[in-house]
Structures are given as structure tokens and as C-alpha cells.
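Here are some short exercises to help you read a protein structure. Try each task yourself before you go through the solution.

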Amino acid sequence: FLYFIGRMSTSNANVKWAQRTRVLLITVDIVDAQEVRVEFEASCVRVTGRGVVKSDSSPSSLNVVLSLDGSLADSGHSFKVLGQCIQIHATKSAPCFWEKLTAERPKLLKNWLSCDWALWKDEDDENDVEDKLNFGGGGYGDLGNMIATSTMSRSAAEPDTDDEGEVRPPADLSDLGV
């Protein structure tokens, strides 16, 4: 007989993860989560509660156990319950990049655990000064920068062909902080 000593990673919900040098970002996909409890141990994150997981259309118990490949700090962890998911922010015990999230082979976890590529940042990317996810500060979602760029590229004397021959000067965007 073969007995497994220790905890094994299990989940009845889809889980995505990403990392930075100092933190893990874990997202548990569950709708209308209630009675959520997240426990942080040195090498384990446990999430329990109730809600609707994607594999079932009725509310059921949530049970996620992540037996981590590395260790967590004693403090600095947090979580947030949103309508469609639970977001977990766990602080690593030492600043480094982990090769994998859990101690188990990835093949055993492929049905419910995946990388969150929208939040993923490689070691090389962490040194970038500009964070492209900063929607107000000049990155991907800087609407003010896009408007200013498109306005500057058109000259005031260029006719606007969209409005039946009407010629307009570029818009004054100074009150928008552009």
C-alpha cells in the first residue's frame, strides 16, 4: 500500500495563478461566493466556502487546497471576494520566482489549475519601469494619451471629411489633464 504523507492539492473550482518576485496572485473561479474562508500556512493555501462553480449550476461547497512548491511569509496576505471569483494575494517568504505553484506534477492538476497570463509577469518584465496595466498612468489603457496623440497628428487646417465639409479646429483637451 502506498500512503501519501502531507497534503495534496485539490479543487472543485477552476484556479488560475500568476506571480511576481514577492507575491502570488491566485484567482478561484466561483460565482456568488459566500462564507468564504482563506487560510494561509507556510506551504499551503486553503479556500472554503459556498458558491456556484462552473462545473455545477447550483450552489455547492467550495474546497480548494493548494500544497505549494515554495513557502509563504508569516503575514502580508489578503483576499477579496468578487461576484465572479475570489482573488488571493499571498506573500512569498523569499523574493524569487517559482517554477511551479504546487508540489504535485502538473499533469495531475491540468483539469482545474492554469496560469493567469493576463496577470503573469516574468522576471525580465518586473524590471520595466512602466506598468502596462496601470490604466491611468500612460500604459495600455491611457485614453488621454491616445486622444492627444490622434489630435496632434491632425493639423487644424486639414478638412474633416466626416461632417459634410465642416472644418473644426482640434478639441481643447486641457481640462482633461492631457
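A residue counts as buried when its relative accessible area is under 20%, as exposed when that area is over 50%, and as partly exposed in between. Keep in mind that the model you are looking at is predicted.

**Exercise 1. Decide whether Gly83 is buried, partly exposed or exposed, then describe its surroundings.**

Step 1. Take the relative accessible area of Gly83, which is 42%. This value lies between the cut-offs of 20% and 50%, so Gly83 is partly exposed.

Step 2. Find Gly83 along the chain: it sits in the loop that links strand E7 (78–81) to strand E8 (85–91).

Step 3. Look for its contacts, leaving out residues up to four places away in sequence. Gly83 touches Ile30, Val31 and Asp32.

Step 4. Check a partner from far along the chain. Ala33 is 50 residues away from Gly83 in sequence, yet their C-alpha atoms are separated by 7.1 Å.

**Exercise 2. Work out the order of the strands in the open sheet of four strands, and say which ones are at its edges.**

Step 1. Begin with the whole protein chain, which has one helix and nine strands. Along the sequence they follow the pattern β-β-β-β-β-β-β-β-β-α.

Step 2. Now trace the open sheet: its order is E1-E6-E5-E4, and the pairing is antiparallel. Strand E1 (10–11) and E4 are the edge strands, since each pairs on one side only.

Step 3. Recall what holds such neighbours together: strands of a sheet pair through backbone hydrogen bonds.

Step 4. Zoom in on one pair. E4 and E5 are joined in the antiparallel sense over seven bridges, and Phe40 has Val45 in E5 as its bridge partner.

**Exercise 3. Which residues have the most contacts inside the largest nonpolar core, and which strands supply it?**

Step 1. Start with the core itself, which has 26 residues; Leu24, Val28 and Ile86 have the most contacts inside it.

Step 2. List the suppliers. At least two core residues come from each of strand E2 (14–19), strand E3 (23–29), strand E4 (31–41), strand E5 (44–52), strand E6 (60–67) and E8.

Step 3. Follow Leu24 outwards, again skipping residues up to four places away in sequence. Among the residues it touches are Trp17, Leu68, Leu72, Ile88, Trp98 and Leu101.

Step 4. Step back to the whole protein chain: of its 178 residues, 31% are buried.

Key: Residues are numbered from 1 along each chain as its sequence is written. This is a predicted model: local features need pLDDT of at least 70, side-chain atom pairs count only at pLDDT 80 or more; totals for chains, interfaces and linings use all residues. Side-chain values use heavy atoms; hydrogens and water are left out. Buried means under 20% relative accessible area, exposed over 50%, partly exposed in between (1.4 Å probe, protein chains only). Contact means heavy atoms within 4.5 Å. A nonpolar core is a set of buried Ala, Val, Leu, Ile, Met, Phe, Trp, Tyr and Cys residues joined through side-chain atoms within 4.5 Å. Two strands pair if DSSP finds at least two bridges between them.
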